[in-house]
Amino acid sequence: QPEKLKKKVGEQRKKLDERRELLDAQRLQIRDLKSQLTESETKRMALVGQSTSLEDEVKELRSRLVHHDGEVDQKVYHGKDGLEMYLYTFEWGLNFRPASADLKIVNDVTWHMEVRTNYGICILVSVTEWLAPFYPPCDYLADRWDGGIHDALVEQITARMELSHPHLVERVEWAKENYLDETDLNEKHVAALNAAGFHSLYSVLHVPPAKLLALVKDQGEKDESVKEQIKGFGEVSVKQVYSKLHKIVAEWESHHEAWKPVKRVRKAA
């Protein structure tokens, strides 16, 4: 059947031609898509570069803004009588000169903190050698102060000092883990301090002597059950306690090569 065979061959050739045309069209389409993909990738890389550059610029601008205006903690601390308090951190250091000779302030940090209030009274916060926030006296705010901001300050100070002053953080941790009743302090002194809520070396050392005495006396007046234990604990007792504790601390420091003492800043003439 030659005619039938001829017709069938013709149909197959037609199908092959259609497939060839389809493949050619697909090849052209793939080539165009590859070209578009290459162009898109080039544009994407350019945009990534621009985005990275913009991110760096934003970081630089933010750093300058924080340096100038400070970075504010978004939490609002509420004191008494409508007092609202905000914690600011500025990325430049200040030198603090406490009036008390019993305080050593860390002045070689590249930042400082400030407590701002809606009362228009702001407090610059310095950091003691025991990493405790120290505030200049302000009776007006003291009576309305929110104690929660103190804990926030301690947390932020410790986090920053771990990077710049790890030896101070280590000493604080050591002092928190060592207790008064494990030292050679006078037993009556230890009993009085324990009765007032002071148990570790840190609990005593991070408080100025005058304040410690006031807190112990205040506890004796508030709580009759510990009044007898606290009785007789006065200025002489405080001096003896700090003298012995400072010797214990000095012994610990002498065994740590990385230890660097905090230098006292002299008062301006």
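Colleague: Let's start with Leu-16: in which helix does it lie?

Modeller: Happy to help, and keep in mind that this is a predicted model. Leu-16 belongs to helix 1, which covers residues 2-69.

Colleague: Is Leu-16 buried, partly exposed or exposed?

Modeller: The general idea is to check relative accessibility against two cut-offs, under 20% for buried and over 50% for exposed. Leu-16 has a value of 46%, so it counts as partly exposed.

Colleague: How far apart are the C-alpha atoms of Leu-16 and Lys-75?

Modeller: They are separated by 75 Å, with the two positions 59 residues apart along the chain.

Colleague: Lys-75 makes me think of charges. Which side chain of opposite charge is nearest to Asp-146?

Modeller: For a salt bridge, the charged atoms must come within 4 Å. Here the nearest candidate is indeed Lys-75, at 6.6 Å, and Asp-146 is buried without a salt bridge.

Colleague: Where does Asp-146 lie, and which backbone nitrogen does its side chain reach?

Modeller: Look at the loop that joins helix 2 (139-142) to helix 3 (148-164). From there, the Asp-146 side chain reaches the backbone nitrogen of Gly-148 at 3.0 Å.

Colleague: Now for internal space. How many cavities of 30 Å³ or more are there?

Modeller: A cavity is space where a probe fits but cannot get out. The count here is 1, and the volume of the largest cavity is about 50 Å³.

Colleague: What lines the largest cavity?

Modeller: Its lining includes Leu-94, Phe-96, Trp-111 and His-112. By class there are 7 nonpolar, 3 polar and no charged residues. Strand 5 (residues 123-127) supplies the largest share, 3 residues.

Terms used:
Residues are numbered from 1 along each chain as its sequence is written. This is a predicted model: local features need pLDDT of at least 70, side-chain atom pairs count only at pLDDT 80 or more; totals for chains, interfaces and linings use all residues. Side-chain values use heavy atoms; hydrogens and water are left out. On a 1 Å grid over the protein atoms alone, a cavity is a set of points where a 1.4 Å probe fits but cannot get out, and a pocket is an open set with protein on both sides within 12 Å along at least five of seven lines; lining residues have an atom within 4 Å of a point. Grid points are joined across faces, edges and corners, and a volume is the space filled by probe spheres set on the points. Helices (H or I, at least four residues) and strands (E, at least two) are DSSP runs, numbered from the N terminus. Ala, Val, Leu, Ile, Met, Phe, Trp, Tyr, Cys and Pro count as nonpolar, Asp, Glu, Lys and Arg as charged, and the others, Gly among them, as polar. Buried means under 20% relative accessible area, exposed over 50%, partly exposed in between (1.4 Å probe, protein chains only). Lys and Arg count as positive and Asp and Glu as negative; His and the chain ends are not counted. A polar contact is a pair of N or O atoms within 3.5 Å; within protein, one must be able to donate a hydrogen and the other to accept it, and residues adjacent in sequence count only if both atoms are side-chain atoms.
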